[in-house]
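Please walk through this model from its overall division down to single residues, keeping the coordinates open alongside the text.

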Amino acid sequence: MPFSAPGAPSLGTAAQRLQEWFSVHARDLPWRSTRDAYAILVSEVMLQQTQVDTVVPAYREWMGRFPDLGTLAEASQEEVLKAWEGLGYYARALNLQRSARLILEHHGGRVPREDEELLALPGIGRYTAGAVQSIAFDLPRAAVDGNVERVLCRFLDIDTPARDRRNQILFGRIVREMMEENSPGDLTQALMELGALVCLPRKPRCDGCPFGGLCLARSRGTVSKRPVPRPRKPTQAIQASVAILTDGERIFLQKRPPEGLMANLWEFPGGKLEEGETPRAALRRELFEELGIKVRGEKKVGTIRHAYTSFSVTLHVYLARMNGSESLPDPSGNLALPSGWFTPEEARRLPMPAANVKILARWVEEPD
Ligand code: SF4
């Protein structure tokens, strides 16, 4: 529906009501007290795939450790990954550090304002660029995340999936129009906040919504049908076995390859089950293939389940105490991946995937 058409909601009125609502109801989040572009960039990258409650303490700690682009650029990769632990999707942390280095090298240490320069930085897409441009620089750029998509799909009663290209173009236009008489930074945050606090996925609180009667889905009774879901790809379920190899005092860990999923994180050795294989057989095969050792007498201590965006993993966890008569994997030998023997204390300081952090806490630091 064109927005000059009869029956279309008034964007000016909607934007004004939204701003008024935001000035009263905005949560006191640490990144809201600054317009520093680096701080806004950090918060937006953290919020991309992580809940606000998890991000708040992580953001405070990160800004304490890396208060500016320079400290982040100079930090070791290990420090950066460790500071990101608990947020998941570690590529975001490494991209932030790469961006910091590029900004120092090519932009005189200032986060760039223009589309082309921002979008050229690793890990910065249309959404993050729009958030930084509008919040830090007050430029009229749209930042449409999942929350904002939901609000707009309902407000405009969109009957096709939000991610359809035509809808994305429409959302950008609508948001920019709403920014015309308002602060772009406040408008961006107000839309996000409305999606987070009022226009909730399952039970939107329409009675407390500043859009009220302007919302087309509400007036047409289609709120529960908006947004129209995207056809889903089935989630892949992965089974894997891992070993806590211990010599009694230390545990053996391997570093993941430098590219791909969870790059450079440390983990317990093991691997995926092949078709028809039992968890124990998979463990023995993987340890022999990867480390050249034959374990016997390993004891199953439990399972860990962890869900990622497109797959879920069930880890079968075994404890294998290696004694002198068995050959221990030798990190200085010819192993395919960097590896080492660590005390639990040392292991805790290494960046690890979430499921491995759980294993460490459950069976190494507090063994049954
Ligand atoms: S009126 Fe209800 S459905 Fe419409 S934007 Fe507000 S909370 Fe969402």
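Helices here are DSSP runs of type H or I with at least four residues, strands are E runs of at least two, and both are numbered from the N terminus. With that convention, Asp-157 can be placed in the loop between H9 and H10. The model is a predicted one, and the description below begins with its domains before it returns to that loop.

The protein is divided into domain 1, covering residues 11–225, and domain 2, covering residues 236–365. Taken over C-alpha atoms, the centres of the two domains are separated by 37 Å. Contact between them involves eight residues of domain 1 and eight residues of domain 2. On the side of domain 1 that touches domain 2, helix H5 (residues 77–84) gives the most, with four residues. That side of domain 1 is made up of three nonpolar, two polar and three charged residues.

Following H5, the loop that leads to helix H6 (91–106) contains Tyr-89. Although Tyr-89 is not a glycine, its phi is positive, at about 45°. Tyr-89 counts as partly exposed because 18 other C-beta atoms lie within 10 Å, whereas a buried residue would need 20 or more.

Which residues are closest to the ligand? They are Arg-154, Cys-199, Cys-206, Cys-209 and Cys-215, out of 13 residues that surround the ligand. By class, the shell around the ligand holds 11 nonpolar residues, no polar residues and two charged ones. Helix H9 (146–155) and helix H12 (216–220) each supply at least two residues of this shell, and the largest share, three residues, comes from H9.

H9 is also a largely enclosed element, because eight of its 10 residues are buried. The buried residues of H9 are Val-148, Glu-149, Arg-150, Val-151, Leu-152, Cys-153, Arg-154 and Phe-155, and Arg-154 is among the residues closest to the ligand. Helix H10 (165–178), helix H11 (184–197) and H12 are included in what covers the buried residues of H9. After H9 comes Asp-157, in the loop introduced at the start, between H9 and H10. Asp-157 has a positive phi of about 50° although it is not a glycine, and with 19 other C-beta atoms within 10 Å it is partly exposed.

Helix H8 (residues 126–137) invites a similar reading. Its 12 residues reach 16 Å from the first C-alpha to the last, which is close to the 16 Å expected at 1.5 Å a residue. Nine of the 12 residues of H8 are buried, so the helix is largely enclosed by the rest of the structure. The buried set consists of Thr-128, Ala-129, Gly-130, Ala-131, Val-132, Gln-133, Ser-134, Ile-135 and Ala-136, and these residues pack against H2, helix H7 (115–119) and H11. Just after H8, Asp-138 takes a positive phi of about 55°.

The packing of H8 against H2 can be followed from the other side through Leu-41, which has its place in helix H2 (residues 37–47). Leu-41 is buried, because 27 other C-beta atoms lie within 10 Å. Leaving aside residues up to four places away in sequence, Leu-41 touches Val-111 and Val-132, and Val-132 is one of the buried residues of H8. The C-alpha atoms of Leu-41 and Arg-113 are separated by 12 Å, although these two residues are 72 residues apart along the chain.

Beyond H12, the loop that leads to strand S1 (236–246) contains Pro-227. The peptide bond joining Arg-226 and Pro-227 is cis, with omega about -5°.

The last element to examine is strand S2 (residues 251–255), which is largely enclosed by the rest of the structure because four of its five residues are buried. S2 runs antiparallel to strand S7 (residues 339–342), and four bridges join the two; within this pairing, Ile-251 has Phe-342 in S7 as its bridge partner. S2 is also joined to strand S3 (residues 266–267) by two bridges, again in an antiparallel arrangement, and here the bridge partner of Lys-255 is Trp-266.

Terms used:
Residues are numbered from 1 along each chain as its sequence is written. This is a predicted model: local features need pLDDT of at least 70, side-chain atom pairs count only at pLDDT 80 or more; totals for chains, interfaces and linings use all residues. Domain bounds come from an automatic or database domain assignment. Two residues are in contact if their C-beta atoms, placed from the backbone, lie within 7 Å. Ala, Val, Leu, Ile, Met, Phe, Trp, Tyr, Cys and Pro count as nonpolar, Asp, Glu, Lys and Arg as charged, and the others, Gly among them, as polar. A residue is near a molecule or strand if its C-beta atom, placed from the backbone, lies within 6 Å of it. Two strands pair if DSSP finds at least two bridges between them. The expected span of a helix is 1.5 Å times one less than its number of residues.
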